[in-house]
Structures are given as structure tokens and as C-alpha cells.
Amino acid sequence: PEEQPQPDPSKKTLVVLGTGWGAVSLLKKLDCENYNVIVVSPRNYFLFTPLLPSCTVGTIEHRSIMEPIRNFLRHKKAAVKYYEAEATKIDYEKRVVYINDESPIKGDASATEVPFDMLVIGVGAENATFGIPGVREHGLFLKEVGDAQRIRNRIMDCCETATFKGQSPDEMKRLLHMVVVGGGPTGVEFAGELQDFFNSDLKKWLPEIKETFHVTLVEALPNVLPMFSKQLIEYTEKTFKEETITIRTKTMVKNVTDRYIEAESTGPDGKKILEKIPYGLLVWATGNALRPIVKDFMDQIPAQKDSRRGLAVNEYLVVKGCDNVWAVGDCAVANYAPTAQVAAQEGAWLARMFNQMARTHQIEGELAVLSEKQEKAPSKEARDAVFAEIKDLQKRLRRVKQIGPFEYTHNGSLAYIGSEKAVADISWLSGNIASGGTLTYFFWRSAYISMCFSTRNRILVCIDWVKSKIFGRDVSRV
Ligand code: FAD
Ligand code: NAD
């Protein structure tokens with residue numbers, strides 16, 4: 001059998017945790033020949049999350065937005081090691097990461113440790129539940145491919161069960177009540193996609209559910225999409241109303257059972273009302289929480305004591321209180337929103353910095369050789385010649401070292417709101433353009449197509465769009 005490439009002892013070992021937006025944009029831009037690069041992630045693919053809501057109803061098939069990590073790592077100039085495993089603990093003192101193979105097939109070796117000289121943490125975040133009872137048991141999240149598949153199956157199961165012989169009208173109503181908790185972009189985009197699915201396909205295939213199927217979006221704050229401008233919030237709420245999606249703002253879910261949620265709102269008399277809302281499908285989209293590995297790592301570093309939402313990093317993305325440990329994306333707190341846009345820019349910036357660090361190291365090595373040569377030079381002419389070379393190199397070194405701190409450039413926010421409409425707050429020159437509607441929807445489509453990871457992904461997504469338009473979405477439950 002072919003021998004596995006051995007790590008080069010003269011190079012530093014750079015361990016990257018994760019294969020999401022932050023980690024992959026780092027790996028894309030990194031000159032891997034400068035380090036022994038090791039990637040650890042339980043997910044052996046990159047997932048283009050902005051189109052994940054479309055997978056919950058089959059507008060897009062999930063494999064179209066996945067890119068195998070092996071496929072792109074093999075194009076790197078130097079070999080990169082990938083382990084399909086979950087990092088379970090980072091031991092900062094020992095400079096090792098403990099990793100476990102959590103996949104169904106395990107060999108004799110399924111838990112080990114990986115030493116590092118440099119570490120990049122890009123493990124993303126977990127779903128927040130705020131400890132609300134019953135959420136994990138009965139709600140479905142929308143973060144990973146498996147989540148989208150579960151939602152797709154549950155929607156169909158609810159519809160088929162609702163039409164079971166002898167089902168009572170009340171039970172039918174419950175089963176066909178699709179409740180989405182969280183009015184951030186994930187909840188809004190999913191509610192929009194689900195209503196689309198109903199309007200263009202479900203209604204046709206299952207006419208008996210036409211009068212009963214209903215989508216409700218529950219949000220604790222006074223409005224949905226808080227990160228968008230006021231006019232787009234109003235536009236979204238108006239569009240949802242036209243589409244008969246109910247928005248329940250200022251309503252906080254406090255408890256979840258297998259059949260209903262308990263939500264608290266304020267009545268017209270100012271008194272709190274606790275209401276039971278029956279549901280068939282419950283999608284929980286209330287944002288991010290810390291992963292246990294991040295929490296554990298933060299507990300090891302005194303400088304992270306006061307950080308609550310994630311790893312506090314400085315402007316060079318270095319984890320505060322650490323040497324040679326960086327964090328990118330949703331697990332890092334750098335005063336930006338936890339978005340793909342931020343994670344991708346952080347990853348790309350870090351790659352540039354690592355490339356420059358390697359270049360600096362190389363030039364410094366060359367300079368050391370030259371100064372020795374200068375000292376040993378036999379004549380003044382020879383010394384002057386070496387001196388000129390040193391001057392040149394020093395100039396190059398200064399240029400290479402000129403990397404400023406990470407600065408995020410916000411290109412805007414985009415969200416699909418259903419019925420072929422989207423909202424966009426686009427940064428333009430030093431101002432902002434807010435637009436919503438069908439034209440914005442075409443802009444949304446073209447923007448996301450151009451952002452897809454590979455040409456293969458772009459083609460597959462376009463084919464899916466055409467397929468679901470011509471044949472309708474697939475309603476089979478698997
Ligand atoms: P992720 O992309 O979540 O990647 C984390 C990686 O770490 C994964 O590969 C995971 O498998 C791996 N991992 C997890 N635990 C471990 C462990 N213990 N050890 C090793 N590896 C581990 N943002 C936008 O800007 N625009 C959008 O339109 C948009 N749409 C979204 C739609 C949805 C449905 C969702 C859920 C999010 C959306 N986001 C969007 C947010 C965006 O996806 C996140 O901000 C982004 O994924 C963060 O990147 P990340 O690299 O930090 O984490
Ligand atoms: P979010 O944090 O943006 O929104 C969660 C919402 O849930 C909040 O508005 C919160 O008030 C509400 N909430 C929390 N607890 C609740 C409760 N008990 N009852 C009712 N409502 C409750 O979460 P998200 O939408 O999952 O987004 C996560 C991140 O991903 C954000 O940074 C977002 O910008 C990004 N994202 C972006 C896009 C896009 O740009 N199109 C799409 C999806 C996600």
C-alpha cells in the first residue's frame with residue numbers, strides 16, 4: 001500500500017478544528033506547504049448554509065450544497081491531513097487536542113490525541129435552547145444537513161397523518177399547525193420556504209389539507225429580523241400577512257411538550273398570558289450557544305473568564321490569554337454578528353497572515369545567512385555587495401510584515417422571505433440600500449449562486465431550481 005506522507009519535522013504543525021465557513025475559507029487561501037496542516041472535523045464536507053432552508057422542503061437537494069472536504073484538499077500544493085473526528089478537549093498546557101471518531105463505523109483506533117504548535121478553532125456554535133424544557137426532545141433545529149432532512153420528513157409525516165382515516169378535525173388542525181420559534185433570518189427563511197411548499201405543491205397533492213395547513217412564527221421581541229432596516233421588517237411582516245403566515249411577536253416560548261408549546265405574551269390589559277399552542281411540527285431557531293469544547297477551553301484560560309458568548313479574540317483573532325491559538329467564526333467573539341460573511345472573511349484574513357508569517361520566517365532565515373556571509377566576506381567590495389542584498393531583503397521583510405489587524409467589511413444582509421420575494425440591506429459606497437421584492441429575489445439567487453463553493457455546486461443548485469419549478473418538490477417521505 002501507498003505510504004502516508006509523514007509530517008516534515010522542520011515545519012510547524014497547524015491544527016484546524018472544523019470544516020465550516022471559517023475553517024474552509026482559511027484552508028482555501030492557505031499556502032499549505034509552509035506547515036504540517038491537520039484538519040479535524042466530524043463533517044467531511046463543507047456546507048453552504050445560506051441555502052439550507054431550501055433543503056427542508058426540497059426546493060434544493062442537500063447534496064447540491066455540500067462540497068466534500070477531500071475533493072478540495074487534494075488540490076492543495078502540499079498534503080493536508082484530514083481526520084473525521086470530533087475534537088473533545090483542547091489541553092492548552094500540553095498543546096494537544098483530543099479527538100474521537102464519533103461515526104458509526106469505528107476501527108481499533110477511535111480516540112487519540114493530536115499535538116499542535118499552532119491551533120485554529122473554527123468549530124462553530126450549537127443551537128441555543130436557553131434551557132427551556134422539552135425543546136431538545138420535541139423541537140427540530142435547522143443547522144446541519146440531518147436537521148433539514150428531519151424537517152422535510154416531519155412535514156410530510158404530519159400531512160399524511162392528518163389525512164389518516166378517522167382523524168378528528170381538532171387533531172388534523174394540530175398536526176397541520178407548523179410552528180417556527182425564533183424570528184431571526186433562519187426562522188423567517190424557513191417559514192417562507194414552507195409556505196411556498198404548501199402554496200405550490202402540497203395544496204395540489206393533498207387538497208384535503210388546504211383549509212387547515214397553517215404556519216405560525218413566534219418571536220419574543222417586538223419584531224422579526226431585528227438586524228434589517230425598519231422598512232424591510234415592515235415589508236416582511238406585510239408579505240407574511242398576505243401569505244397567511246401568522247407572526248406572533250412579543251411572545252416568549254417557556255415550555256415545550258410533544259403536542260403543544262406554552263408561550264407567554266402580554267394581554268391588552270398589561271397582564272401576562274400563558275397560552276398553549278398545539279403543533280404538529282416545531283422548528284426551533286433561536287440562535288447560537290457555546291459548544292462544550294469551547295466552554296471547556298475557556299475554563300482553562302483565566303483571560304476568558306468574563307467572556308460569555310464565545311472565545312474572546314483580539315484584533316489579530318488570537319484567543320485572548322493564549323499563544324499560537326486563533327479562533328474564527330461563530331465560536332469567536334470579535335464584536336461582529338455570527339454570520340458566514342464574518343467567518344469567511346476571518347478565515348481568509350488568517351490564511352493571509354499565516355502565509356506572511358511563513359514568508360517572514362523564511363526571509364529572516366535568509367538574512368541570518370547573509371549577515372554571516374557579510375562578516376566572512378574577504379574584501380570590502382564583497383561586503384558591500386552582500387550589504388546591498390541585505391538592504392533589499394530588509395525592504396521586502398518590511399513589506400511582508402505590513403499586515404494590519406483584521407477588519408470586517410460588511411457587504412450587506414440578504415434573506416429570502418417566500419413567495420419569490422427577498423429583502424436586502426446592501427452596503428453601497430458609504431451608505432445603505434434597502435430593497436425588498438421580486439427583483440431582490442433574483443438578486444438573492446444570483447448572489448448566492450456566485451457565492452457557492454464550487455462550479456459543481458452552482459450547476460447542481462441551478463438544476464434543482466429548474467427541477468422543482470417544472471416537476472414540483474418531491475413529497476416522498478424517506
Ligand atoms: P460552521 O460553518 O457551523 O462550521 C463549524 C464546523 O465545525 C463544522 O464543520 C462542524 O462539523 C465542525 N465541528 C463542530 N464541532 C466540532 C468539534 N468538536 N471538533 C471539530 N470540529 C467540530 N450567514 C450569512 O452570512 N448569510 C446567510 O445567508 C446565512 N444563512 C444561514 C442559514 C442557516 C439555516 C444557518 C443555520 C446559518 C446561516 N448563516 C448565514 C450563518 C452561518 O452559517 C454561520 O455564521 C457560519 O456557518 C459560521 O461559520 P463557522 O465556520 O464558525 O461554523
Ligand atoms: P437569531 O439569533 O438571529 O434570532 C433568534 C431569534 O429568536 C431572536 O430574534 C430571539 O428574540 C428569538 N427568541 C429567542 N428565544 C425565544 C423564545 N423562547 N421564544 C420566542 N422567540 C425567541 O438566530 P438565527 O436566525 O438562527 O441566526 C443565527 C445567526 O445566523 C445570526 O447571526 C444570523 O444573522 C445568521 N443568519 C443569517 C442569515 C441571512 O443572512 N440570510 C440566515 C440565517 C442565519
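**Exercise 1. Which residue in strand 23 does Ala415 stand opposite?** Place the pair in its sheet.

*Solution.* The structure is a predicted model.

Step 1. Ala415 faces Val423, a residue of strand 23.

Step 2. Strand 23 covers residues 421–428 and is joined to strand 22 by 6 bridges, the two running antiparallel.

Step 3. The sheet is open and has 3 strands, ordered 22-23-24, with antiparallel pairing. Strand 22 (412–418) and strand 24 (431–437) each have a single partner strand, so they stand at the edges and one side of each lacks a neighbour in the sheet. On average, neighbouring strands here are turned by 10° against each other, direction ignored.

Step 4. Helix 12, made of residues 438–451, packs on this sheet and touches strand 22, strand 23 and strand 24. The direction of helix 12 makes about 70° with that of strand 23.

**Exercise 2. Describe the sheet that contains strand 7, and identify the bridge partner of Tyr98.**

*Solution.* Step 1. An open sheet of 3 strands has the order 6-7-8, and its pairing is antiparallel.

Step 2. Strand 6 and strand 8 (111–115) are the edge strands, each pairing on one side only. From one strand to the next, the twist averages 25°.

Step 3. Strand 7 comprises residues 96–100 and pairs with strand 8 over 5 bridges in the antiparallel sense. Tyr98 has Glu113, in strand 8, as its bridge partner.

Step 4. As general background, the strands of a sheet pair through backbone hydrogen bonds, in either a parallel or an antiparallel arrangement.

**Exercise 3. Characterise the surroundings of ligand 1: the residues, the elements that supply them, and the polar contacts.**

*Solution.* Step 1. There are 30 residues around ligand 1, and those that come nearest are Thr19, Gly22, Thr49, Asp330 and Tyr448.

Step 2. By class, this shell consists of 13 nonpolar, 12 polar and 5 charged residues.

Step 3. At least two residues of the shell come from each of helix 1 (21–29), strand 2 (36–41), strand 6 (86–91) and helix 10 (340–375). Helix 10 gives the most, with 3 residues.

Step 4. Oxygen atoms of ligand 1 have backbone partners. One lies 2.8 Å from a backbone N or O atom of Gly22. For Gly122 the corresponding distance is 3.4 Å, and for a polar backbone atom of Ala340 it is 3.0 Å.

Step 5. On its own, ligand 1 has 990 Å² of accessible area, of which the protein covers 90%.

**Exercise 4. Carry out the corresponding analysis for ligand 2, including its polar contacts.**

*Solution.* Step 1. Ligand 2 is surrounded by 24 residues, the closest being Thr186, Glu219, Val253, Pro338 and Leu414.

Step 2. The shell divides into 14 nonpolar, 8 polar and 2 charged residues.

Step 3. Helix 7 (185–205) and strand 14 (252–256) each supply at least two residues of the shell. The largest share, 3 residues, belongs to helix 7.

Step 4. A nitrogen atom of ligand 2 is found 3.1 Å from a polar backbone atom of Ala220. An oxygen atom of ligand 2 lies 3.4 Å from a backbone N or O atom of Gly287, and a distance of 3.1 Å separates a backbone N or O atom of Pro338 from an oxygen atom of the ligand.

Step 5. The accessible area of ligand 2 on its own is 840 Å², and the protein covers 79% of this area.

Methods: Residues numbered from 1 in each chain as written. Chains lettered and ligands numbered in written order. Predicted model: local features only at pLDDT ≥ 70, side-chain atom pairs only at ≥ 80, totals over all residues. Heavy atoms only, no water. Pairing = 2+ DSSP bridges. Helix = DSSP H or I, 4+ residues; strand = E, 2+ residues; numbered from the N terminus. Axes fitted to C-alpha atoms, helices over the stretch in contact; angles between N-to-C directions. Contact = heavy atoms within 4.5 Å. Near = heavy atom within 4 Å. Polar contact = N/O pair within 3.5 Å; in protein donor to acceptor, adjacent residues only side chain to side chain. Areas by Shrake-Rupley, 256 points an atom, 1.4 Å probe, with all protein chains shown as cover. Nonpolar A, V, L, I, M, F, W, Y, C, P; charged D, E, K, R; others polar.
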